[in-house]
Amino acid sequence: MDFRRLRYLIRVGEERSFTRAARSLNVSQPTLSQQIQDLEAELGVALFTRTAHKVEPTEAGLLTIDGARRVLAETERLREAVQEYRGLKRGRLRIGVTQTFNALYLPQIVTAFARDYPAIDLEILELANDEIDASVEAGTLHLGVGLPRAHTRTRAEPLYADTLMFVCARTHRLAEAESVPAARLSEESVALLGHGFRTRAAVDDYLTEANATPLRVIAFNTFAAILNVVASGDYVSIVPADVRHVSLVSGVAALHFARLEPGPGSRTICLLSAPEDRATPAAIRFAARIRDYFAATGR
């Protein structure tokens with residue numbers, strides 16, 4: 001149904017005159033009359049009774065005028081809602097990130113964004129890399145930060161490089177070493193992330209290439225749990241280098257970080273965006289905040 005005809009209908013009903021209604025709408029009377037006739041034909045009822053001196057809505061006309069007012073009011077509310085959405089005056093943003101990014105970089109970005117756009121609801125989820133990327137691709141996340149999968153690299157934007165490091169307690173026998181040969185890990189019990197995390201896969205690949213088999217491996221799903229176990233002195237670990245900047249355990253001074261020899265290859269942490277046709281205004285603005293943060297810090 002043509003919204004213009006609904007506006008014409010309402011005005012004729014208010015003016016009780018095609019002449020006055022046409023004048024106020026800035027259209028010709030024949031055009032207005034034809035539009036009302038077309039609407040009557042579409043609905044299959046007469047909307048007005050017409051005499052030489054008066055135009056009155058029929059019962060069906062009164063019903064239609066009332067409905068037209070409601071339709072146009074809802075349309076205007078929808079238009080205002082979309083304008084607010086586009087202007088970031090309302091909306092919802094779901095972001096999936098890795099543990100280290102969430103702990104180290106995200107708080108400053110989120111705090112500033114939430115202050116500038118208080119009507120945007122933010123939901124931050126710590127997830128495994130593959131789950132982040134898959135959820136952005138599926139549309140259940142608006143943005144992600146992590147390692148892209150091979151087939152989604154075209155929409156992955158590099159943010160910074162990270163590598164793996166050795167970590168032990170400062171009471172451990174390797175606590176004085178600046179670098180630790182991978183072969184030494186065959187003499188250690190190791191705490192790692194569980195299978196399903198890309199970091200765990202990278203560690204397993206590194207140990208396999210170095211022909212190193214730890215005495216024992218225990219698995220956790222957070223770096224906080226891993227580092228707390230390492231701080232006890234009985235276990236060592238291999239973690240992303242950025243973890244050393246995060247106070248994930250009480251008293252980070254209890255930990256010693258060292259390079260691995262041979263050195264693992266670096267990994268590029270990326271901003272993972274939805275396809276352009278599914279990008280929301282809030283997601284576009286938040287992605288810009290992430291880029292600006294790393295541009296400003298030179299990370």
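**Entry 1: N211 and N26**

I began with N211, which I located in the loop between α8 and β10 (216–220). The model is a predicted one. I noted for N211 a positive phi of about 55°, although the residue is not a glycine. Is N211 buried or exposed? N211 is exposed, its relative accessible area being 69%.

I then turned to N26, which I found in the loop between α2 (18–25) and α3. N26 is not a glycine either, and I read a positive phi of about 60° for this residue. Its relative accessibility is 71%; because exposed means over 50%, I recorded N26 as exposed.

**Entry 2: α1 against α3**

I looked up how helix α1 (residues 3–15) is placed against helix α3 (residues 29–43). Their axes come within 10 Å and cross at roughly 110°. Angles of 65 to 115 degrees count as roughly perpendicular, so I entered α1 as roughly perpendicular to α3.

Which residues of α1 meet α3? I listed R4, R5, Y8, L9 and V12 on the α1 side. On the α3 side I listed L32, Q35, I36, D38, L39 and E42. By class, I recorded six nonpolar residues, one polar and four charged in this contact.

**Entry 3: S17**

I followed the chain to S17, in the loop between α1 and α2. I checked its burial: the relative accessible area of S17 is 12%, and S17 is therefore buried, since buried means under 20%. Leaving out residues up to four places away in sequence, I found that S17 touches V12 and V55. V12 had already appeared in my notes as one of the α1 residues that meet α3.

**Entry 4: the four-stranded sheet**

I traced an open sheet of four strands and wrote down the order β8-β12-β7-β11, with mixed pairing. Which strands lie at the edges? They are β8 (179–181) and β11 (237–240), each of which pairs on one side only. On average, neighbouring strands of this sheet are turned by 45° against each other, direction ignored.

I examined the pairing of β7 with β11 in more detail. Strand β7 (residues 164–169) and β11 run antiparallel and are joined by four bridges. Within this pairing I looked up F166, whose bridge partner in β11 is I238.

I next asked what lies across these strands. Helix α8 (residues 198–209) lies across β7, β11 and β12 (255–261). I noted that α8 runs at about 130° to β11, an angle that falls outside the ranges for parallel, antiparallel and perpendicular and therefore counts as oblique.

**Entry 5: the peptide bond before P262**

I placed P262 in the loop between β12 and β13 (267–273). The bond that joins E261 and P262 is a cis peptide bond, for which I noted an omega of about -5°.

**Entry 6: cysteines**

How many disulfides does a search of the whole structure find? I recorded zero. I also looked up the accessibility of two cysteines. C168 has a relative accessible area of 0% and is therefore buried. C270, at 6% relative accessibility, also counts as buried, because the cut-off for that class is under 20%.

Note on methods: Residues are numbered from 1 along each chain as its sequence is written. This is a predicted model: local features need pLDDT of at least 70, side-chain atom pairs count only at pLDDT 80 or more; totals for chains, interfaces and linings use all residues. Side-chain values use heavy atoms; hydrogens and water are left out. Axes are lines fitted to C-alpha atoms, for helices over the stretch in contact, and angles run from 0 to 180 degrees between N-to-C directions. Helices (H or I, at least four residues) and strands (E, at least two) are DSSP runs, numbered from the N terminus. Angles under 35 degrees count as roughly parallel, over 145 as roughly antiparallel, 65 to 115 as roughly perpendicular and the rest as oblique. Contact means heavy atoms within 4.5 Å. Ala, Val, Leu, Ile, Met, Phe, Trp, Tyr, Cys and Pro count as nonpolar, Asp, Glu, Lys and Arg as charged, and the others, Gly among them, as polar. Two strands pair if DSSP finds at least two bridges between them. A disulfide is a pair of cysteine sulfur atoms within 2.5 Å. Buried means under 20% relative accessible area, exposed over 50%, partly exposed in between (1.4 Å probe, protein chains only).
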